[in-house]
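Work through the exercises below with the structure open beside you. Try each task before reading its solution.

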Amino acid sequence: MKIKYIILSLVLTFTFSCQNPDEFLDVLPKGRVIPSTLKDYDDLLNNYAILRGKGENTRYMDPDVFMTPNVFGELNELNTNGYGWKHDLFAENAIDYDYQEFYQYIHMANFILENIGDAEVGAYNESQRNIIRGEAHAQRAFEYFHVVNEYAPHYDPNNTDQPAIAMPLSVDLEALLGKSTTGDIYDQIIKDLNRALELLGPNYQAINEYQNWRPGRASILALLAEVHLYMGDFQEAVTYSNQALALYDFLYDYQTVVFRNSSNPWLGYSVNGNNDAWYYGTLNQEIIWNRYTIWGFRTPQLIHPDLEALYDKVNDRRWGLMSTQTTYGGLDTSPYYCYVYPGERSVGLTTYRLMLTNAEAKARTGNGAGAIATLNELLEMRISNFMPYTHSDNASTLQLIKNERRKELIGSSLNLFDQKRYHIYGENVPNFTRIHHDTGEELTLVPGSEGYYVGISPGVLLYNPNLAD
């Protein structure tokens, strides 16, 4: 049965989410608007909720997160399971909000793409139909990139047939899809992004400054760079990241960032006198395509001593602005440090992430000098009294970039995906270990293991057993 009405609030989700599809069929709530014009479909893309709470499941899975007994007790069951690198994080009746929301917005994109052709022009221009269609392709690709990294083994060019995630491409709430392969998912992501570029055209805005959860041309090129980096196609990553940076390369000078109150870092930052610039990701000019993870980090996570040792604590402003020895709730963590970021921490695409991708891809394609030049450009805006690095050999330059990724992307959990892909590249990834402070058990994360990604929850499998491994 085809869905008859879908409302602008998009409370819908797919069968393979942990919702009953019968609740969403043939619904016409009083006072809601049925999309019929280009403006209605554009309003779907204006829903800023798409940027919220991405990757909350992986927050404590990151090996650079560290916990001591006095802060371990702050974790809920989900975070405790994540800290234990359990593949199956969820109890039988628990809702996986990451999964549910990813597919909600995939569904939104599918709905737009399936129906935008019949929308009335209304107050818009006909040319805006392709803009809405192009952005829907891009948003679907971005959501799939998040899902496949959180819920599947990493893409391996030598084994692209690995089962990954469900990949609905049309509106069919009764479909009980099985898992598509990693190869199919990545192929579709690239296809969607290329189609988006085609529809939006070469003169489309670089980024959407006022609704940065919606993409511009630089945003899409940046995602293509990231996707190709993750696939191990480093030359394409260089090409796309160069193109994206040519369109947008804004960086904050961290010398202009201070705490609003030096005695309490949890009260937030002032950036060139602006107290909101980092508080809200929608105002952060370094963000190219907005998604964020936790707001405020009030549940503590400590910085692993191995990561701490990489920072120049005297001169590196990232350390000064993102570490403290007091949690939001007032717990003393000394001699260790707690990560602090009183605002919306980006897990989307940013200029600094793009520059690190550019530098890494250059190093991996033999352009170590170019990689160092890009890295120096970033670090000059981060470190006081910075002395530029020089390139000596590709191996040393690549390791330097890996270390800088850990430092720059702290708090984003992207390090988990980095370690996951390094293993597929054939590089040395250690066995990470930590202690479960309730049981005293030593926990180990083995390269290539299921501990690197999240299993489909029992609630989802109840409605769609075709997603079982």
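Two exercises follow, one on a helix pair and one on aromatic rings.

The model is predicted, with local features needing pLDDT of at least 70, side-chain atom pairs counting only at pLDDT 80 or more, and totals for chains, interfaces and linings using all residues. Residues are numbered from 1 along each chain as its sequence is written, and side-chain values use heavy atoms, leaving out hydrogens and water.

**Exercise 1.** Classify the angle between helix 12 and helix 13.

Solution. Step 1: locate helix 12 at residues 368–379 and helix 13 at residues 394–408; helices are DSSP runs of H or I, at least four residues, numbered from the N terminus. Step 2: their axes come within 10 Å and cross at roughly 25 degrees; axes are lines fitted to C-alpha atoms over the stretch in contact, with angles from 0 to 180 degrees between N-to-C directions. Step 3: helix 12 is therefore roughly parallel to helix 13 (angles under 35 degrees).

**Exercise 2.** Classify the ring pair F66 and Y336, then state whether each residue is buried or exposed.

Solution. Step 1: rings of Phe, Tyr and Trp (its six-membered ring) pair if their centres lie within 6.5 Å. Step 2: the centres of F66 and Y336 are 4.9 Å apart and the planes make 65 degrees, an edge-to-face pair (over 60 degrees). Step 3: F66 has 17% relative accessibility and is buried (under 20% relative accessible area, 1.4 Å probe, protein chains only). Step 4: Y336, at 29%, is partly exposed (between buried and exposed, the latter being over 50%). Step 5: the two residues are 270 residues apart in the chain.

How values were computed: Parallel < 35°, antiparallel > 145°, perpendicular 65-115°, else oblique. Phe/Tyr/Trp six-rings, centres within 6.5 Å; stacked < 30°, edge-to-face > 60°.
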